[in-house]
Structures are given as C-alpha cells and as structure tokens.
Amino acid sequence: MFTGIVEELGEVVAVEKLGDSSRFRLRGPLVTDGAAHGDSIAVNGVCLTVVESADGEFTADVMAETLTRSSLGALVPGSRVNLERPMALGGRLGGHLVQGHVDGTGTITGRVPGEHWEIVRIALPTGLARYVVEKGSITVDGVSLTVVEAGDDYFTVSLIPTTLQLTTLGIKQPGDPVNLEVDVLAKYVERLLGGRGTAEATA
C-alpha cells in the first residue's frame with residue numbers, strides 16, 4: 001500500500017526485453033536504501049517487486065499485463081520516473097490510500113500556468129470517469145492529487161511548485177501518457193451497490 005507522495009525522482013538505467021515482458025533497472029538511491037529482494041517499490045504509480053538491489057539501483061521484472069495496461073512500456077534508458085516505497089504501518093498517511101494497481105492510462109491534453117501553480121488537463125479512458133469526482137483523490141503517475149474539475153471524459157488537477165519540481169509531472173507535455181489509479185473505495189462502493197464496472201486494474 002502506498003500514499004501517492006513521491007519520495008524520489010529516479011531514472012531508468014536499462015530495459016531488457018524478455019519476450020512479451022521486460023526487466024527494468026532503475027536508479028533511486030533513497031528508495032533502495034535497505035531494499036531487498038521481494039520488496040515493493042512504486043514506479044510511476046505501478047507497484048513493482050524488487051529482484052535485485054545494489055549501489056542505489058534496483059531491477060524489477062514487468063510482465064506483459066502491466067506493460068499493456070500502463071505507460072511503463074514506453075520507458076527507455078534515461079526516462080525519469082516517480083518512485084515511492086510502501087507506507088509503514090503506524091506512519092502518517094500524507095496522500096490517500098494507493099494500491100499501485102493502475103486502472104488505465106490517460107493523456108495530458110493541456111497545461112495552463114498560473115502565478116505559482118499549473119492547471120493540467122488529462123483525458124480519461126473509457127470507463128473511469130464515473131470514479132472521478134470534484135475534490136476527490138486520484139493518482140497520476142503515482143502522485144496523489146485532488147481533482148479540480150471532473151468532466152465526462154477528462155479531469156483537471158492543480159500542481160503546486162513542489163509537485164512540479166520533484167515529480168515527472170513537471171516535465172510531462174501535452175500528448176504524453178500517464179498512469180491513472182482511481183480511488184479504490186469508489187470501486188468497492190459501486191460493487192456493493194450492485195454496479196458492474198468495466199475498469200480493470202493491473203498488478
């Protein structure tokens with residue numbers, strides 16, 4: 001379980017294609033401190049399992065399902081990524097409850113700079129709009145954000161200077177894909193009320 005508060009702006013060091021899956025090597029000295037085989041690290045909001053960790057880098061195997069349902073398949077050596085370790089029980093919940101299970105990918109369609117912030121508009125894939133509400137929470141590339149405006153096929157978020165400086169959302173441009181994870185509580189409520197959602201998450 002994660003909180004959507006990015007700890008480190010990391011970098012893809014290498015990508016090894018393994019048939020329909022890939023092995024990634026990523027640099028993140030902070031998140032790898034004490035990391036061991038089997039630990040979890042969120043990469044752009046996708047929960048990955050550490051295979052090896054040494055010298056500030058770690059490797060993770062990414063299966064075909066994850067490559068298909070997230071934007072990780074577009075990463076290349078040199079790509080910057082948002083990194084977060086799982087939350088510790090008993091710690092503060094700085095963002096909201098995030099599973100690291102991507103529900104789909106959206107596309108940045110516009111950026112409007114303000115005096116000290118920036119409004120970013122993101123197109124929603126089919127089936128996710130019903131889980132996005134004004135002032136609700138959503139995770140974009142692993143960053144916990146508050147929805148400003150919720151449309152039928154898009155939403156907007158307001159990014160503060162810290163988010164712009166310390167995450168990949170400061171460098172993403174219109175046309176770039178982003179991983180989206182909606183609030184899991186909304187999906188549970190829909191299920192309990194007898195709804196039949198179409199959104200499917202990845203591991």
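Let's start with charge pairs: this structure, a predicted model, holds 10 salt bridges. We'll visit a few of them, with stops at the strands and helices they sit on.

**Stop 1: Arg25 and Glu57.** Select these two and show their side chains. They meet in a salt bridge, 2.7 Å from N to O. Arg25 sits in strand S2 and Glu57 in strand S5, so the pair ties together parts that are 32 residues apart in sequence. Which of the two is buried? Glu57 is, at 16% relative accessibility, because the cut-off for buried is under 20%. Arg25 is partly exposed, with a relative accessible area of 33%. Now add Glu11 and Arg27 to your selection: together with Arg25 and Glu57 they are linked in a network of salt bridges.

**Stop 2: strand S2 and its neighbours.** Color residues 21-27, which make up S2. One face is covered, with Ser22, Phe24 and Leu26; the uncovered face carries Ser21, Arg23, Arg25 and Arg27. Next, bring in S1 (residues 8-18), which pairs with S2 in the antiparallel sense over 7 bridges. Look for Val15, whose bridge partner in S2 is Phe24. In the hairpin of S1 and S2, 2 residues lie between the strands, and Gly19 has a positive phi near 70°. Then show S5 (residues 57-62): S2 pairs with S5 too, antiparallel, over 6 bridges. Here Arg25 has Thr59 as its bridge partner.

**Stop 3: the barrel.** Select S7, S8, S11, S10, S9 and S12. In that order, these 6 strands close into a barrel with antiparallel pairing. From one strand to the next, the twist averages 45°. Zoom in on S9 (residues 137-140) and S10 (residues 143-150), joined by 4 bridges. Val140 stands opposite Val143 there.

**Stop 4: Asp141 and Lys172.** Stay around S9 and S10 and pick out this salt bridge, 3.3 Å from N to O. Asp141 is in the loop between S9 and S10, while Lys172 is in the loop between helix H2 and strand S12, so the pair ties together parts that are 31 residues apart in sequence. Are these two buried or exposed? Both are buried.

**Stop 5: helix H3.** Show residues 184-192, where you'll find Tyr188. At 53% relative accessibility, Tyr188 counts as exposed. With Leu185 and Leu192, Tyr188 forms a nonpolar surface patch, about 390 Å² of accessible area together. For the last selection, take Glu190 and Arg130, whose side chains meet in a salt bridge of 2.7 Å, N to O. Glu190 is in H3 and Arg130 in the loop between S8 and S9, 60 residues apart.

Terms used. Residues are numbered from 1 along each chain as its sequence is written. This is a predicted model: local features need pLDDT of at least 70, side-chain atom pairs count only at pLDDT 80 or more; totals for chains, interfaces and linings use all residues. Side-chain values use heavy atoms; hydrogens and water are left out. Two strands pair if DSSP finds at least two bridges between them. Axes are lines fitted to C-alpha atoms, for helices over the stretch in contact, and angles run from 0 to 180 degrees between N-to-C directions. Patches are made of residues with over 30% relative accessible area and no salt bridge: like charges are joined within 9 Å, nonpolar side chains (Val, Leu, Ile, Met, Phe, Trp, Tyr) within 5 Å. Accessible areas come from the Shrake-Rupley method with a 1.4 Å probe; for residues, only the protein chains shown count as cover. A salt bridge is a side-chain nitrogen of Lys or Arg within 4 Å of a carboxyl oxygen of Asp or Glu. Buried means under 20% relative accessible area, exposed over 50%, partly exposed in between (1.4 Å probe, protein chains only).
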